[in-house]
Amino acid sequence: MSAIFKRDLRAYFKSPLGYVYLAAFLLVLNIYFYLMNVYSGSSNLQNIFSFIVTMCVFLIPILTMRTFSEDYKQKTDQLLLTAPVRLSGIVLGKFFAALVVFLIGILITLVYVVIVAAWGELEFATVLGNYVAICATAMAFISIGVFISSLTQNQLVACVATVAAFLGLYLLDYSYSLMNATWAKNLIYYFSMFRRYNDFTQGIFSFSDLIFYLSVAGTFVFLTVRMLERKRWS
């Protein structure tokens with residue numbers, strides 16, 4: 001797994017992809033932080049974390065679109081599938097490489113915490129809980145993106161399909177407020193990727209929601225392994 005992880009992590013920064021992702025992530029987030037906190041004089045970072053989750057819909061597909069699609073296109077997937085490496089190690093190596101690039105962007109946002117702490121009041125427990133939650137949420141989104149990338153050799157198709165899947169989940173979440181029946185709301189909340197995060201932004205650390213995100217990540221990693229297993233024997 002470590003060899004795959006190092007290979008893919010280097011690949012992000014040997015091409016413009018990693019730099020483009022981080023530049024886009026930080027540019028948009030810096031503007032949002034300036035408007036919501038610096039310009040308005042607010043020390044509340046809740047909106048920042050909520051906005052990061054929204055950004056995941058459009059930025060994580062950029063990270064994950066190449067994970068398997070590039071190998072399919074360059075025909076290097078055959079080397080991976082015939083190498084003496086467990087399929088789970090291949091998937092996890094690629095998964096963690098994408099996650100590390102995401103976390104690099106998140107670590108840079110600690111500057112916001114320092115700025116707010118220096119000039120205003122900050123609830124460090126709430127901020128820490130949000131960082132833990134955003135990492136778990138990102139793991140769920142990245143696992144979905146990696147799975148979709150394993151379905152096609154076209155990176156653009158993988159990116160668009162992942163965005164479409166995330167937008168579908170967002171619309172499902174939006175429909176929650178339109179429902180009147182309690183059972184329908186409960187069903188939507190059960191599959192919600194966005195509404196579940198609201199508790200964290202309000203300072204409520206929900207272990208059940210955290211386990212949900214980790215379960216989603218585990219499920220799609222498992223499905224990706226099964227997809228590779230199918231390709232290995234085809």
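Helices here are DSSP runs of H or I with at least four residues, numbered from the N terminus. The exercises below concern a predicted model.

**Exercise 1. Determine in which helix Leu-35 lies, and whether this residue is buried, partly exposed or exposed.**

Solution. Step one is to locate the residue: Leu-35 belongs to helix α2, which covers residues 16-38. Step two is to consider its accessibility. A residue is buried under 20% relative accessible area, exposed over 50%, and partly exposed in between. Leu-35 has a relative accessibility of 47%, so it counts as partly exposed. Step three is to relate this residue to a distant part of the sequence: Ser-149 is 114 residues away from Leu-35, and their C-alpha atoms are 35 Å apart.

**Exercise 2. Describe the secondary structure of the protein chain and state how its radius of gyration agrees with that of a compact globule.**

Solution. Begin with the count of elements: the protein chain has 12 helices and 0 strands. Read from the N terminus, its order is therefore α-α-α-α-α-α-α-α-α-α-α-α. Next, take the dimensions. Along the principal axes, the C-alpha atoms fill a box of roughly 55 × 45 × 30 Å. For 234 residues, a compact globule would have a radius of gyration near 17 Å; the protein chain has 19 Å, which agrees. Finally, turn to burial and contacts. Of the 234 residues, 45% count as buried. Of the contacts between residues at least 6 apart in sequence, 74% join residues at least 24 apart.

**Exercise 3. Characterise the surface and the charges of the protein chain.**

Solution. The first step concerns the area: the protein chain exposes about 12000 Å², and carbon and sulfur atoms supply 68% of this. The second step concerns the charges: there are 16 positive and 10 negative ones, and their mean positions lie 12 Å apart.

**Exercise 4. Explain why Cys-56 and Cys-135 do not form a disulfide, and classify each by accessibility.**

Solution. A disulfide is a covalent bond between the sulfur atoms of two cysteines. The structure holds 0 disulfides. For Cys-56, the nearest cysteine sulfur is that of Cys-135, 10 Å away. A disulfide requires two cysteine sulfur atoms within 2.5 Å, so this pair does not qualify. As to accessibility, Cys-56 has a relative value of 2% and therefore counts as buried. Cys-135, with a relative accessible area of 24%, is partly exposed.

**Exercise 5. Identify what is notable about phi of Lys-75, and state where this residue lies.**

Solution. Phi of Lys-75 is near 65 degrees, which is a positive value in a residue other than glycine. The residue is found in the loop between α4 (69-74) and α5 (77-82). Its relative accessibility of 57% is over the 50% cut-off, so Lys-75 counts as exposed.

**Exercise 6. Place Thr-201 and Val-157 in their helices, and state which residues Thr-201 touches.**

Solution. Start with Thr-201, which lies in helix α11 (residues 198-201). Its relative accessible area is 5%, so Thr-201 is buried. Leaving aside residues up to four places away in sequence, Thr-201 touches Gln-46, Phe-49, Ser-50 and Asn-130. Ala-217 is 16 residues from Thr-201 in sequence and 21 Å away in space, C-alpha to C-alpha.

Continue with Val-157, which is part of helix α9 (residues 155-174). At 43% relative accessibility, Val-157 counts as partly exposed. Leu-87 is 70 residues from Val-157 along the chain, and 23 Å separates their C-alpha atoms.

How values were computed: Residues numbered from 1 in each chain as written. Predicted model: local features only at pLDDT ≥ 70, side-chain atom pairs only at ≥ 80, totals over all residues. Heavy atoms only, no water. Helix = DSSP H or I, 4+ residues; strand = E, 2+ residues; numbered from the N terminus. Rg over C-alpha atoms; globule rule 2.2 N^0.38 Å. Buried < 20%, exposed > 50% of the residue type's maximum accessible area, 1.4 Å probe, protein only. Contact = heavy atoms within 4.5 Å. Areas by Shrake-Rupley, 256 points an atom, 1.4 Å probe, with all protein chains shown as cover. Lys, Arg positive; Asp, Glu negative; His and termini not counted. Charge placed at Lys NZ, Arg CZ, Asp CG, Glu CD.
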